[in-house]
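Thank you all for coming; I would like to walk through one model this morning, going from the overall numbers down to single residues. Please have the viewer open while I talk.

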Amino acid sequence: MGKASVILYITVGILVLFLISYSPKKKSDHDHHHGGHSQHHRLKLRSSFNFKPTRHDPIPFDPLVADMERRREDKEWERQHIEHSHPELASHSQKAATGGGHEAAPGHESQPEWEDFMDAEDYLNDEEKFNVTDRLISLFPKIDVSPADGFVTESEMTEWNMQSSEKEVMHRTQRDLVVHDRNKDGFISFSEYEPPSWVRNSDNNSFGYDMGWWKEEHFNASDANGDGLLNLTEFNDFLHPADTKNPKLLLWLCKEEVRERDSDKDGKISFEEFFHGLFDTVRSYEEDNHNTTHPYHDLPEGPAKQLFAQLDKDGDGYLSDVELLPVISKIHPTEHYYAKQQADYIISQADSDKDGRLTLAEMIEHPYVFYSAIFDNEDDSDDDYGFHDEFR
């Protein structure tokens, strides 16, 4: 970042703080827009978590908040998944997490000392310790990097969300690896892996079993180097196959789609099997991303036939697993898809002049958009986590 950019951010930040300090707004308005510290509104971390790998709650915008939530989630996960089956691990994890008396402070940046307050919400709602306006001013230049021009674009916001998402996903994978790695060698063998309880407790018609999600073929496809063991990266791919760059695993995903959609069990996808299910999934993905490339014809089969013909490279009238590769990321959306969704929502809500990008001033004018995941109204339920219904 050049000196000019740094000076620009500092100047704008000082100006904004000056204007806020001397704003004639009522205190309640100031609290609502710039700190959320009125008696009816508080910043509040999540109190419930979904540990299934299909969870796609919005990742907190602020890394400091994400770290706090991650530690709270770790405690809940430990209670649910370790205490009963691995009490020795629970005892060890508890000592590591508390440091022998206090919960460890979140990593990165300037962090709160947990012993300074009884609950994380007290820190978040103390404007001297956690001021939303100050946080936005400090985070803006970390998002505005491609290029650093004083504007946050959709691609920059998507990349910011992706960094947070990847950190969150890898954190969960590391946590799962500790549990499944019974011989503590840092790798997972197929015999060590035990499906999560929500899979074990479901019947054979469930998504997990019907698609072979937790079977040996899936494990072997995730084993990129073929050594019979999954390292951290391979295990992460195993748990989150849609985001892999491993061609074996992507092909496995395609094979599973053929098995799932192949109603006549001939080992391939006919147009009818494609049209009733797969096509709607691909079309919904393209509509969500505003990149539909095929016009809709009068007959509903029109665009489906067009896409089917494009995918059917050998022209035999059927789609094989390999021929599904070009659309597999639309059938199984990646973390980038959700990061872009979140970026689109944020920009649509905070972009006052509707130029498709955000300035620092626009972000400060709309703090709720960036902290809505933890902005709690006492009249609402405690589990009101996430963005508005239109985003969910």
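Let me begin with a small thing to locate: in which loop is Pro147 found? Pro147 is in the loop between α6 and α7, where helices (H or I, at least four residues) and strands (E, at least two) are DSSP runs numbered from the N terminus. A cis peptide bond joins Ser146 to this proline, with omega at about -5°.

Before going further, the provenance: this is a predicted model, in which local features need pLDDT of at least 70 and side-chain atom pairs count only at pLDDT 80 or more, while totals for chains, interfaces and linings use all residues. Residues are numbered from 1 along each chain as its sequence is written, and side-chain values use heavy atoms, with hydrogens and water left out.

There are two backbone details of another kind. Lys184, in the loop between α7 and α8 (197–200), has a positive phi near 55° without being a glycine. Lys354, in the loop between α16 and α17, likewise is not a glycine and has a positive phi of about 55°. As background, most residues other than glycine have a negative phi, and most peptide bonds are trans. Lys354 counts as exposed because its relative accessibility is 60%, the classes being buried under 20% relative accessible area, exposed over 50% and partly exposed in between, with a 1.4 Å probe and protein chains only.

Now the overall picture. The chain has 18 helices and two strands, and 45% of its 392 residues are buried. If we take contacts, meaning heavy atoms within 4.5 Å, and keep those with a separation of 6 or more, 65% of them are between residues 24 or more positions apart. The exposed area is about 20300 Å², of which carbon and sulfur atoms supply 53%; these areas come from the Shrake-Rupley method with a 1.4 Å probe.

Turning to the interior, which residues have the most contacts inside the largest nonpolar core? They are Phe61, Phe130, Met157, Leu358, Met363, Phe370 and Tyr371, in a core of 31 residues. Such a core is a set of buried Ala, Val, Leu, Ile, Met, Phe, Trp, Tyr and Cys residues joined through side-chain atoms within 4.5 Å. The elements giving two or more residues to this core include α3 (63–81), α7 (154–180) and α16 (335–350), and α6 gives the most, with six residues. Apart from this core lies another, of 22 residues, among them Ala221, Ile269, Leu278 and Phe279.

Aromatic rings deserve their own moment. Rings of Phe, Tyr and Trp (its six-membered ring) pair if their centres lie within 6.5 Å, and planes under 30 degrees apart count as stacked, over 60 as edge-to-face and the rest as tilted. The count by this rule is 17 pairs. In one of them, Phe219 and Phe238 have ring centres 6.2 Å apart and planes at 70°, so the pair is edge-to-face. That pair links helix α10 (residues 216–222) with helix α11 (residues 232–239), its members being 19 residues apart, and both phenylalanines are buried. Phe274 and Phe279 form a tilted pair, 6.1 Å centre to centre with 50° between the planes. Ring pairs also link Phe61, Tyr123, Phe130, Trp160, Phe370 and Tyr371 into a cluster.

On annotation, UniProt, in an unreviewed entry, places the feature "domain: EF-hand" at residues 216–245, 262–284, 299–334 and 338–373; its positions are given in the numbering used here, feature names are shortened, and annotations may be inferred rather than shown by experiment. In the model, residues 216–245 are 50% helix and 0% strand, with end C-alpha atoms 19 Å apart, while the span 262–284 is 61% helix and 0% strand, with its ends 21 Å apart.

Finally, is His332 buried or exposed? His332 is buried, because its relative accessible area is 13%, and its place is in the loop between α15 (328–331) and α16. Its side chain makes a polar contact of 2.8 Å with that of Glu257; the term means a pair of N or O atoms within 3.5 Å, where within protein one must be able to donate a hydrogen and the other to accept it, and residues adjacent in sequence count only if both atoms are side-chain atoms. Leaving aside neighbours within four places in sequence, His332 is in contact with Ala242, Leu253 and Glu257.
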